[in-house]
Amino acid sequence: MPFPKSHTAFRLTAVLLLPMLVLLIADRLIAPHYRLAVNESDSLPGTVFLVKTGVLPRCGPVMGEHVQIQMRRDARWYSGMRLLKVAKGCPGDRIRLEGRKVYVNDWFAGEALPMLEDGTPMAMVSAGVIPEGRYYLWASHPSSFDSRYAEFSLIADQQIIGTATRIF
């Protein structure tokens, strides 16, 4: 005996709504913890990254994770913007300067430019130990705006949105 018309309509509605319900639940469970980030600069290779929010970079031998950060609203450049960088220094690591060359724990982080193309002088990061709650962030492009410069600074852990994985 076939189902009554009302049962068929109910089954059809349930079949069509089930995938939407699954997507809605997944969105509520996963979306607060992950987001997509687009790298719009030449500072790092890669265009699209998956960011796991609320996670700080790991320190020690696994240093080198990509992170997404929120620049301070009072920053001279990139005010309030979200940027992608690589964590290369953690609390307790040592920053050493040789002229305009910057080293983090004897790893060469790059050479700081003395000024921008328009003649704006660029102050360097200070030598010393990275304080608790701060990170040295780096990008592979030689003229990237990163922790080599005092204007970028050592990034506070509150500015780190999360760790990022390159998708492509």
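Leaving aside neighbours within four places in sequence, which residues is Glu65 in contact with? In this predicted model, the contacts of Glu65 are Leu56, Pro57, Arg58, Lys85, Val86, Ala87 and Thr163. Glu65 itself sits in the loop between E2 and E3. Its relative accessible area is 17%. Buried means under 20%, so Glu65 counts as buried. A polar contact accompanies this position: the Glu65 side chain reaches the backbone nitrogen of Arg58 at 2.7 Å. Arg58 is also one of the residues listed as contacts of Glu65.

The overall architecture was examined next. The protein contains one helix and eleven strands. The helix comes at the N-terminal end of the order, which reads α-β-β-β-β-β-β-β-β-β-β-β. Of the 168 residues, 36% count as buried. The accessible surface comes to about 10400 Å². Carbon and sulfur atoms account for 61% of that surface. Contacts were also sorted by sequence separation. Among those between residues at least 6 apart, 60% join residues at least 24 apart.

Seven strands make up an open sheet. Their order is E1-E2-E11-E3-E4-E9-E10, and the pairing is antiparallel. Strands E1 (34-38) and E10 (155-156) stand at the edges. Each has a single partner strand, so one side of each is left without a neighbour in the sheet. Strands of a sheet pair through backbone hydrogen bonds, in either a parallel or an antiparallel sense.

Individual pairings can be followed across the sheet. E2 pairs with strand E11 (residues 160-166) over five bridges, in the antiparallel sense. Here Lys52 stands opposite Thr163 of E11. Thr163 also appears among the contacts of Glu65. Further along the order, E4 and E9 pair over three bridges, again antiparallel. Gly89 has Tyr136 in E9 as its bridge partner. E9 is joined to E10 by two bridges, and these strands run antiparallel. Across this pairing, Arg134 stands opposite Ala156 in E10. E9 (residues 134-138) is mostly covered. Four of its five residues are buried.

The model holds one disulfide. It joins Cys59 to Cys90, with an S to S distance of 2.0 Å. The two cysteines belong to distant parts of the chain, 31 residues apart. Cys59 lies in the loop between strand E2 (48-53) and strand E3 (66-70). Glu65 is placed in the loop between E2 and E3 as well. Cys90 lies in the loop between strand E4 (82-89) and strand E5 (94-98). The angle about the S-S bond is -90°, and the link of Cys59 and Cys90 is left-handed.

The two ends of this link were then compared for exposure. Cys59 has a relative accessible area of 38%. That value falls between the cut-offs of 20% and 50%, so Cys59 is classed as partly exposed. Cys90, at 2% relative accessibility, counts as buried. The disulfide therefore connects a partly exposed cysteine, Cys59, with a buried one, Cys90.

Technical notes
Residues numbered from 1 in each chain as written. Predicted model: local features only at pLDDT ≥ 70, side-chain atom pairs only at ≥ 80, totals over all residues. Heavy atoms only, no water. Disulfide = S-S within 2.5 Å. Buried < 20%, exposed > 50% of the residue type's maximum accessible area, 1.4 Å probe, protein only. Pairing = 2+ DSSP bridges. Contact = heavy atoms within 4.5 Å. Areas by Shrake-Rupley, 256 points an atom, 1.4 Å probe, with all protein chains shown as cover. Polar contact = N/O pair within 3.5 Å; in protein donor to acceptor, adjacent residues only side chain to side chain.
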